[in-house]
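Here are my notes after a look through the model you sent. I've put them as numbered points so you can tick them off as you scroll around.

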Amino acid sequence: MKKIKIYLSALLLLGLTSCNDWLDLKPESETILEDYWQSESQATDVLAGCYRGLIKDGCVERMMVWGELRSDNVAEGYNMNEDMKKILSISITPTNGYADWGSFYSVINYCNTFLHYAPLVVNRDQNFTESKLHTLEAEALTIRALCYFYLVRAFRDVPLITTPSISDATDFNLPKSTEREVLDQIIKDLITAKQYAKPNFGTEAFTKGRVTQNAVSAILADVYLWDQQYANCVTQCDIILGDNSLELVKGNNVVKEVFYAGNSTESIFELQFDKNTQWNNSVTNLYGFYYSTNMGNWSYPAFLVPTGSYTPFRYQPATMNESASDIREITSVNYVVNGKGYKIAKYALMDYTVINNVELVTPRSPSITPNWILYRLSDVMLMKAEALVQLNRDETDLKSALSLVNQTYLRSNLTADSLKFNKYPDKGSMQDLVMRERHRELMFEGKRWFDLMRIVKRTKDATSILRYIGPKLTGDNLQIKKMSIIDALYMPIQQSQIDINPKLIQNPFYVNIESSTSN
Amino acid sequence: MKSNFAITFLLILLLFPALAVSQKPGDGLTIQGTVSSTPDGPIIGASVTEIDANNRVVGGCITDLNGHYVLRLRNTENHIAINYTGYVKQTRKIGTNKTINFVLVENTQILNTVEVVASVKHSEGGFSIPKREISTAMQTLDMKEIEGLQVSSVDEALQGRIAGLDIVANSGDAGSGTSMRIRGASSINGSNQPLIVLNGVPYEMQVDPSFDYANSNSEQFANLLSINPDDIQDISVLKDAAASAVWGSKGANGVIMITTKKGRSGPTRVEYSYRYTGTVQPQGRKILNGDDYTMLMKQEFFNPQQSSSASNVVEFNYDKSFPNYENYNNNTDWVKEVTQIGNISDHYLTLSGGGDRATYRISGGFLSENGTIIGQSNSRVSSRSYLEYRVSDRLKFTAELSYTYSNYNRSYNFNFVKNGGGDSPNEDLSILGIAYKKMPNVSIYKQDADGVNSNSYFKIPNTTTLDWDQKYLANPVALAMKAKNNVKNYRTLPTFRLQYDFTDPAVQTLRYSMYVSFDINNDKTSRFLPSEIVNYSWSDKHFNSAESGDHEAVSIQTDNNIAWSPKFSNEDHSLLLYGSLQTTEGRSNYQGINSYGLISNQATDASNQAYLSYEETGRSHWRSMGLLARMHYSYKGRYIFDGTFRRDGSTKFGDGNKWGNFPGISVKWIVSDEPFMKTTTNWLSMLAFRPGWGLAGNQPEFEYLHFSRYGNDGSYAGMPVEVPVTLQLKNLRWETSSSFNYGCDLGLFGDKIQADMNLYFKRTNDMLFKFVGIPNSSGFGVLNYQNAGSMDNNGWEINLYANKVIKVGDFSVDFRLNFSNSMNKIVQLDQKILDTYNAKYNYLNGSYLTRIQEGNSFGSIYGFKYLGVYQYDKYVAGSQDDAPIARNKKGEVLLNEKGETVPMYFNYGRRNGGEQYVFRGGDAKYQDMNHDGNIDELDIVYLGNSNPLMNGGFGTTLRYKNLSCNFSFNFRYGNKIVNSARMLSENMYSTNNQSTIVNWRWRKDGDITSIPRALYNYGFNWLGSDRFVEDGSFLRLKYLTFNYSVPKQSLRKLRIDKVNFYLTLNNLFVLTKYSGVDPEVGYGSFGVSQDFGQTPRSKDLTLGITVGL
């Protein structure tokens, strides 16, 4: 009898343990964390996920909205959504969809995950050496820094998170860090990345589409410029300008090689789109398709066209010294009235054959996958020019700035003479020239609003950019009033985030809008 | 899989002895003889069987034309039995006989009045106890009670019949289901649907986490549609946890147990029934015609800016020079155009019969339905077979097989206005919803310059300057006729059962039974949106877009159990012990593709040459295991004790949380059986008390939650991508609900009047919350699940049944009544959840402040108090008092330092990012609760709750000879509904068509009305206020049925067994103050009933006939 009992209890025990096994099911189409991070390929797959996150609509669209929409480049186009309309009419509220930073934090989390777990793979996969690890880490650090850089420019203070989110045991309610703390982290990460980043990857798609030494420098230069560390900015720009493999594309070929074919000789870092995985929906929606009779959601504001005291391409001959036949005009804007403004040509219109002796691209159907260029050589040249103007240690700084401006200017003004220093003899006029040249060169590339914000940061005065964006504002006092407050130039934190995270404090302008603005 | 092998092995083991033992002496011998009867001579086709000592059939044949038989014997020790319908069965021992002749005697005994005292048994699988001894809260509905009703689904039959079961139809669309709640909601955003158990096997559909059903609600709830009501014997509803603890983790929301009909031995019976139903859509709200609409629009555009250029919209101008003039000068009644008289025809054929050893029942039916909305149809082919074979008196084998094929043509639902994106309120996107919104001055068909219809549908051109809400709103007639949304469902459920008695069941029961049940459920969805309906350019993802999806799921459930009921020498004791091991294993996979820019409107499959917008696949695999022990003990048949213990294991939880224990205890004391109650037995046939307690559980819907998972996410520049896709849920636990139930059963006058009452207290702990928002700075937007908080559901229910309470000659009356009440209260909630749910008030029109508060009931509605419309714009004391100015508590006008009146503001200071507004004459007047001259969130008050104070039903059956009349009412009382459909049709804020009531709008100073002025995209005239919160109480005559069975005498000549005729009127009338079309509105988010005007339940009339042969 006793024996039977022993047998029975043994059987029961066996049964129960096997029950637990039976109830252990692992997903079939996914890998669980415990089985992941075993090989080099798994590590690179997650790294690729960081880039993949950037090319999703959520990120690219925000790079465009944050970088362009409030600037003087953009007016309402066709079928623009309500959230964008609200931004244009300077009535941004915390419920605005573009106040959602989630897509960038999702990339940041991928980077954090990679940086946390990839070092473990070194012990598990013999092929994955320390040096391989470091080059990949350089990419992850750079992408994370880039994301934070966008966030800091759009929101100013944001939560700084450098550890991965793994389980519900973590407390996700984190407060904002100051812009200073975030910028310090960005700079620190980029300097580390710079040590290990590869000069190139062999293939063109990787060299332009992944983080190289030049890409790190370009981002770092941009960060220094934002942070007003002009000498450091110049240093980083010089590193890039010293690389002979980079070369400005000839003026006639810019549309074809830089924007249509992509990965041109002047490209430093651009996000790669392809037909099968990810279309560049943001560009096609906002700027439009070449074949479509409709313009995109955005248009080029009409007020920039009539000759006025300031327009990038057309101005009264007496007021400016630059040529009036800049080919960037027709490659950026198509003066066909359709709706409230003009159709945007850059990225969108590539169906011209020959206009003004400029050969453009024959159509491709449909052009849905243009790469989104983050940094290219002309940008770096003009960043350096801007930094030099700000340094203004002596006249040579301004002169070298002018010669940089001339490089980009001359390639797009085939018949013009180079700009002369006597026309731009002081810091003020040179500063304006660089601004104008950046405007012409980088129009619709997600740079303009940040260029304007740098002016605000330098002058600590929001009204300093009213001369650019003023014409866009309606006579409504309120709009100008709002645009005169620095806090109002940053985005609000999305309300849903404030609601669920008690440690987040709304950005100052949006906490309670002054009641004096009533009526 | 292992377990399945074991089961098969066991099966073989059990069957084999039967074969092995039969090899005994006597093999090869034959026996012969004739079978005859005295009056009729030789009997042809009588069954001759050789049976062994265990009454197991070991051989057999039938008699030939001469009544002769020859049978090869297995064993001469066996008996030979003759059986022929209509004659008394005979059995004789074979022994050494070589010839045995039988003379059968006709079975003509006439039963004199025989009183059979038997206790009705209630059986759940192998656990069978006398019904009188049930100690838990349970209610059973015999389908005979509702014979002849046109119910297309079980839930419709249950509606209003079970106390404590609240059933609300999701909508009147063909093929949509209902939402059911037993004893209120026990979970805030988990499922509240009860578990369905079909013949002892849980009948459920697993939802694949990666599979996002476009119409998930109706899919899930329409689950029951695949069981044909004709096949159902009875339905029991287990309400308290002591009863549902048997189902452990699955039973937290209560259990509905369905038993299907079985075969009965006897000659083959054929029964055919046919029902035809005509359905009519009830009259909804009246909407404006084209002329009134354009007039409203011109005012609506004029008012905000007070400018006539704003109201100069060419589509409203009736300007003949406008090229499209003819297409915009109509009075189209869109609602009439999209509705029709629907019909249902339902054929059902049943064959049943069997002999001593085997019984069978085979049924099959075909139902086809055309909805009351054009383009909706639904057809169903279903069949069910039940075969039972008794190998011996101890061994029984059963096979059940059901197959259902349904084909639904649904309306294509799509948010045209927002193009699938945006944060639009949950507007009604159905065909009917569109019909109510569509501009009535446009034509259905394109019209030429003379106003003659062409044969193509009119679509508002892309170039119009009209607002999005009209520009992109499809032509509802075109949408119904041209777009496709088809779901085909195939569901096969084979179940095999075996039952073996180790002992003679007449002495004591020691019974092993088992089943293996398969559920194969496949869905095929195909949708197509042709370009001729929509306005999008060909690059848009909705231009000629097609979707197709295949979802396949297979689950296998097994149950092995042993029931032992020992025989006590003292008959006062009775005991039943029961143990069971249940396993479930299932797999499902989903594949879907979505493409657009298809070349033609004809080839509508997503696999055609087109742009692929996305591809989806998903697979899932789940297992669970349950160990169950039950006991039932009764002493003297009046002291009863029941105990249940269930241990459930699930793959959905991580280590340490995999197993949950679910005990249940209940006792019953039948007072009326006590000797001291002897004096009252003549009128009090039953008085019993039954307290009980139990724990039940709930688990999340998804698998693999306790892992951090890495999944594929396409590629970047040719590099494959894998990223972490979920957060690991380390802390996830079972949701448990513990409930006390105090029940009382009452029977009067020999159970002529029966009543049962229940009082319950239920507390749900560790409530599961789905998709809990977390700061997205974590890289994730939500936690898929979290346990957070507890909630109480307390209530009572009363059920009364009077059987033949009035009986005069051939006339008799039955009466039944039930009502119940459930109060719900949130006891405790995690702060994070509260923060997620209790978002700040957004200061937008149309939104109610939603709150979940500890100590408050779920489903509460908060908003402003609506006081009507400001009659004047400017305040003039004495003559124009009713103007928008601030007043203090006493109603005195407030003045500022300059002595001027202070205007009434909305959201002064722009809180929470909202707009600020100054009220004007003709604007909505809201009560300024705190008298600060500002309408803001501080003026928001509690407006009511969506939980009914009471719901239930009552009904009567009247019988006279062969005619019976049966009617049933159901009611809900005291629940509040947010009538969003009315809100959207009275707000005069967009270019959507409005209801005729807006003709009473405020137009000029001095107008006295309760409808504010029209303001296009301006003002705050439709804030969430009590203006749109209505009492949802109603009393519905759910059905009225007449049933006539033709007298048997007149049928006998025609050799017909029975002929019945039915006439049913469904949903004949509803008494309600609710202004919407149908007061039966399901529960939305936060448990608030919000009526978006879904297709109302139709009124219908059914004619039916049943013929039995």
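1. Which residue stands opposite Gly711(B) in strand 34 of chain B? Val723(B) is the one to click on. Do keep in mind that this is a predicted model.

2. That pair belongs to a little sheet shared by the two chains. Three strands make up this open sheet, in the order 1(A)-33(B)-34(B), and the pairing is antiparallel. Strand 1 (31-32) of chain A and strand 34 (719-724) of chain B stand at the edges with a single partner strand each, so one side of each has no neighbour in the sheet. Strand 33 (residues 709-716) of chain B pairs with strand 34 of chain B over five bridges, in the antiparallel sense.

3. Now look at what sits across those strands. Helix 2 (residues 40-55) of chain A lies across strand 33 and strand 34 of chain B, and helix 2 runs at about 90° to strand 34 of chain B.

4. Trp37(A) deserves a zoom. Leaving out residues up to four places away in sequence, Trp37(A) touches Gln42(A), Ala43(A) and Val46(A), and its list also includes Thr113(A), Phe114(A), Tyr117(A), Ala118(A), Val121(A) and Arg124(A). From chain B, Tyr710(B) is in that list as well.

5. Trp37(A) also turns up in the largest nonpolar core, which has 158 residues. The residues with the most contacts inside this core are Trp37(A), Trp66(A), Tyr287(A), Trp298(A) and Trp372(A). Helix 6 (residues 130-155) of chain A gives the largest share of the core, with 16 residues. Another core lies apart from it, with 47 residues, among them Phe301(B), Leu432(B), Tyr436(B) and Tyr536(B).

6. Helix 5 (residues 102-124) of chain A is worth tracing end to end. Its 23 residues reach 33 Å from the first C-alpha to the last, close to the 33 Å expected at 1.5 Å a residue. Still, there is a kink of about 35° at Ala118(A), shortly before the proline Pro119(A). The helix is mostly covered, with 17 of its 23 residues buried.

7. Is Arg144(A) buried or exposed? This arginine, found in helix 6 of chain A, has a relative accessibility of 5%, so Arg144(A) counts as buried, the cut-off being under 20%. Beyond its neighbours up to four places away in sequence, Arg144(A) touches Ile108(A), Cys111(A), Asn112(A), Leu115(A), Thr162(A), Gln185(A) and Asp189(A).

8. Over in chain B, compare Ser456(B), placed in strand 24 (residues 453-457). Its relative accessible area is 28%, so Ser456(B) is partly exposed, which here means between 20% and 50%. Setting aside neighbours within four places in sequence, Ser456(B) is in contact with Tyr445(B) and Lys446(B). Its C-alpha atom is separated by 29 Å from that of Arg285(B), 171 residues away along the chain.

9. Last, the chain tallies. Chain A comes to 21 helices and nine strands, and buried residues make up 60% of its 519 residues. Chain B has 12 helices and 54 strands, with 57% of its 1109 residues buried. For contacts between residues at least 6 apart in sequence, 70% of those in chain B join residues at least 24 apart; in chain A, residues 24 or more positions apart account for 71% of the contacts with a separation of 6 or more.

Note on methods:
Residues numbered from 1 in each chain as written. Chains lettered and ligands numbered in written order. Predicted model: local features only at pLDDT ≥ 70, side-chain atom pairs only at ≥ 80, totals over all residues. Heavy atoms only, no water. Helix = DSSP H or I, 4+ residues; strand = E, 2+ residues; numbered from the N terminus. Expected span 1.5 Å × (residues − 1). Bend = angle between axes of the 7 residues up to and from the residue. Buried < 20%, exposed > 50% of the residue type's maximum accessible area, 1.4 Å probe, protein only. Pairing = 2+ DSSP bridges. Contact = heavy atoms within 4.5 Å. Axes fitted to C-alpha atoms, helices over the stretch in contact; angles between N-to-C directions. Core = buried A, V, L, I, M, F, W, Y, C linked by side-chain atoms within 4.5 Å.
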